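These are my notes on the model, set out as numbered points. Please read them with the structure open.

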Amino acid sequence: MAIARQVLCLSAFLSLPHIRSEPLRYSVAEEGESGSVVGNVAEDAGLAPAQLSARRARLASEDGRQHFRLERGTGRLVLTERLDREELCGQAATCTLPFELVLANPLQFFRVEVAVEDINDHAPVFPEEQVTIKIPEPSNPGSRFPLVGARDLDIGSNSIQAYSISPENEYFSVSFGIHSEDEKYVELVLQKPLDREEQAEMGFNLIAMDEGSPPRSGTTEIRIVVLDVNDNAPVFTQKVYVAKVFENAQEGSVVLRVVATDLDAGSNGDISYQFSQGMGQSDLAFVIDPVSGEIKLTKPLDFEDAENHELLVQARDGGGLSAICKVLVEVVDVNDNAPEVVVSSFSSPLPENTLPGTVVALFTVRDRDSGANGKISCALEDQMFFSLRPAYKNYYELVTVSTLDREETAQYILSVTAADAGSPSLTTTQTFTVDISDVNDNAPVFNQTSYTMYVRENNVPTVLVGAVSAADADVGPNAKVTYSLALANATKEPPCSCISVDSENGDVFVLRPLDYEQVKQIEVLVSASDAGSPPLSTNVTIRLVMVDENDNAPLVLYPSQDSSPPSSELVPMSAEAGYLVTKVVAIDADSGQNSWLSYHLLRATDPGLFVVGAQSGEVRLRRPVTEKDTVKQKLVVLVRDNGQPPLSATVSLSVLLLHDFSDVRLPHSSLAMEDEGDSLTTYLIISLVFVSVLFLASMAAFVARKVCMRREMKGRHMLYGAGNLQSGLADAAAAGTLPHPYCYEISLTTGSGNSEFKFLKPILPSLPPEHCATGRGTDDEQDFPHGPITMQDVAIDNPGMLSAEQFNCLSFK
């Protein structure tokens with residue numbers, strides 16, 4: 001978070017229209033204690049101390065070193081360490097430490113400069129504890145003898161301001177001053193001639209003093225040796241020698257050669273060279289040949305450590321006279337330092353919904369080389385989603401340029417290359433690994449567009465019928481999917497309570513037994529939701545299809561088994577094989593092969609007479625009817641489905657075999673053999689007797705008319721009985737009932753070989769006239785040998801054949 005705040009602060013700073021141009025300046029004495037107060041930057045910047053904490057104030061410097069610390073509570077700037085001006089700035093006239101005060105929300109910069117004031121913490125130091133000067137005795141007063149001055153690392157009044165001799169003597173004085181090239185010099189001045197015979201040697205102390213508070217001093221011992229005449233001192237060809245050396249020059253390389261001459265001859269003219277300065281780091285890098293005066297390197301130089309080196313070379317002749325020259329060595333920079341990339345802040349991971357233009361990293365680049373070798377350019381490897389943007393000074397921002405998608409790329413490895421303009425160019429590569437954090441931008445996706453599951457009816461409760469599965473492209477909680485039943489989109493009805501979905505794994509359960517005959521399939525919506533905020537969801541349709549089981553036996557629709565007594569089918573004796581007696585109609589509430597029905601003749605009075613169509617349920621004659629066949633036939637038909645295990649139902653049929661519909665003679669022996677259980681109920685017997693009496697009365701009233709029309713009706717009967725048994729009476733032979741109320745006349749005579757079944761006109765007002773017909777018997781009619789048959793006999797042998805209205809129209813002769 002701290003890195004992110006720094007990035008935001010610097011981004012805001014770049015967008016500020018005005019930035020304070022004048023820095024806040026402070027001064028502090030070197031060697032101050034850690035924690036010493038430098039100043040109150042909050043007050044000087046016009047800020048309240050509370051703003052420093054609220055706006056996360058911090059200090060930033062280019063070199064990354066933190067010499068100072070900001071107290072946010074008070075706004076004071078305090079030291080974090082002791083400062084050594086000489087270490088920080090060397091002999092520079094001024095020593096300033098620049099840095100920035102950075103505030104966020106909004107971002108604001110204040111340039112701060114702290115001048116490190118010199119204190120007198122260094123005393124003058126001479127390079128040698130003792131200096132021997134040989135002076136020829138004929139030297140004239142006023143002769144000057146150069147000395148190597150003391151060094152004081154302080155500056156200004158804290159540096160060397162004066163030299164003195166202790167104890168004072170009458171022969172010498174000290175001259176101290178500055179030449180035209182800001183070069184200080186120290187010389188002994190001869191006040192009066194020396195006399196070797198009076199005093200061959202003398203000694204005194206040379207004291208160097210500064211004007212610090214308190215003042216400091218350094219001392220070296222001067223030893224004067226009075227020589228015989230050597231009146232010419234060495235003279236250098238140049239007062240100052242300047243040499244340029246590449247910093248990559250190898251050890252032993254010759255920097256330059258100094259040359260001094262002496263007009264004397266002999267040993268007084270022999271010159272030797274040596275460095276006069278016996279301190280400092282420069283001496284360690286150079287060596288001088290005492291005879292040739294060549295100055296060579298003892299180790300490679302580093303431009304970044306020191307750009308210039310100052311050497312003092314002394315030339316001394318054999319007579320003790322000497323001269324001093326200055327050698328300035330300029331180090332020439334070579335491109336030996338690669339650029340440095342210093343990361344100030346870096347934000348990772350980034351949310352995938354980060355807006356374009358967001359600062360990911362802030363870094364600065366620097367190169368210790370100079371000139372073109374220190375000129376740096378930065379580049380980002382080919383990237384579609386990130387770019388580099390120059391910021392403040394040598395700061396750069398790494399920013400996003402387009403939207404990110406974690407599902408496409410979860411991590412970006414960005415390489416920033418910093419290259420200088422040297423020849424050859426040196427480069428440094430900084431790698432930023434940016435992780436993309438997930439946001440909930442993907443809804444769960446089912447692995448199927450819809451699901452079809454099957455369950456057998458009469459299932460056990462909580463049976464597992466299948467599972468749904470959805471995946472979420474997100475990660476973590478955003479990808480955790482839970483399942484639930486959802487409301488229908490259109491009706492908003494609550495989901496079926498018979499289905500449940502496991503919220504964790506998507507298993508689908510049926511909670512209670514289902515009945516295929518009540519419902520064939522159920523559709524529900526299942527919702528898959530993730531755990532994101534806000535959660536995203538997707539719905540899918542589950543179609544639960546019931547698989548039928550054979551749990552319903554066949555149901556017989558015709559003939560109806562609810563009537564009591566059951567109806568009887570009429571079959572003429574003249575019927576041929578294949579004659580359709582009736583048709584058993586049944587249904588099964590199951591489906592598929594469970595509802596495929598087959599029909600079988602289970603039991604019959606004469607099994608060889610009838611056959612049942614296995615698929616159609618049609619009851620037909622297997623062979624022609626003979627006189628030997630029993631008039632009343634009982635059949636039991638088995639209706640069975642094709643389920644496993646199969647279920648079945650039975651239906652009982654009664655069939656009356658008649659010569660024709662007017663011949664209903666039934667042998668008493670046959671009637672006696674019938675099961676007493678087949679008799680009609682008392683109510684039906686009473687009804688039949690009443691109808692019979694009514695018909696007898698009607699026959700007596702119209703006897704004359706019937707006689708005239710008997711022959712005509714006989715022909716009509718033959719036509720109707722043979723042809724219309726299956727068609728004209730609305731399938732009366734097939735169905736076993738007469739669908740319309742008709743008036744019948746049955747004439748029975750003893751002389752006839754068969755009986756006539758004739759139609760009469762209706763005698764009841766409720767019957768349509770066109771449904772009734774009349775007829776008369778012929779002269780050849782005969783009575784039954786055993787007497788006339790009653791209506792009750794007909795009803796007993798063919799129960800359910802005629803309706804009450806039909807019985808009302810019947811009359812017998």
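**Notes on the predicted model**

1. Strands S22 and S23 make a hairpin with five residues between them, and Gly320 in the turn has a positive phi of about 95°. The coordinates come from a predicted model.

2. The two arms of this hairpin, S22 (308–316) and S23 (322–332), pair in the antiparallel sense over nine bridges. Arg316 stands opposite Ser322 in S23.

3. S22 also pairs with S19, again in the antiparallel sense, over four bridges. Within this pairing, Tyr273 stands opposite Ala315 in S22.

4. The hairpin also bears on the second largest pocket, whose volume is about 530 Å³. Its lining counts 31 residues; Gly320 and Ser322 are among those that lie nearest the centre, together with Ile133, Phe145 and Pro146.

5. Which strands supply at least two residues each to the lining of the second largest pocket? They are S8 (130–136), S9 (144–147), S19 (272–275), S22 and S23. S8 gives the most, with five residues. By class, the lining has 14 nonpolar, 12 polar and five charged residues.

6. S8 belongs to an open sheet of four strands in the order S8-S14-S13-S10, with mixed pairing. S8 and S10 (160–166) are the edge strands and have a single partner strand each, so one side of each is left without a neighbour in the sheet. Neighbouring strands here are turned by 30° against each other on average, direction ignored.

7. At the S10 edge, S10 and S13 (residues 201–210) pair in the antiparallel sense over six bridges. Ser164 stands opposite Ile207 in S13.

8. How many disulfides does a search of the whole structure find? The search finds one. This disulfide joins Cys89 to Cys95, with an S to S distance of 1.9 Å. The link of Cys89 and Cys95 is right-handed, with 60° about the S-S bond.

9. The two partners of the disulfide can be set side by side for accessibility. Cys89 is partly exposed, with a relative accessible area of 23%, whereas Cys95 counts as buried at 4% relative accessibility. The cut-off for buried is under 20%, so Cys89 at 23% falls outside that class.

10. Two further cysteines deserve a line. Cys325 counts as buried at 2% relative accessibility. Cys378 has a relative accessible area of 18%; because buried means under 20%, Cys378 is also placed in the buried class.

Key: Residues numbered from 1 in each chain as written. Predicted model: local features only at pLDDT ≥ 70, side-chain atom pairs only at ≥ 80, totals over all residues. Heavy atoms only, no water. 1 Å grid on protein atoms, 1.4 Å probe; cavity = no way out; pocket = protein on both sides within 12 Å on 5 of 7 lines; lining within 4 Å. Points joined across faces, edges and corners; volume = space filled by probe spheres on them. Nonpolar A, V, L, I, M, F, W, Y, C, P; charged D, E, K, R; others polar. Pairing = 2+ DSSP bridges. Axes fitted to C-alpha atoms, helices over the stretch in contact; angles between N-to-C directions. Disulfide = S-S within 2.5 Å. Buried < 20%, exposed > 50% of the residue type's maximum accessible area, 1.4 Å probe, protein only.
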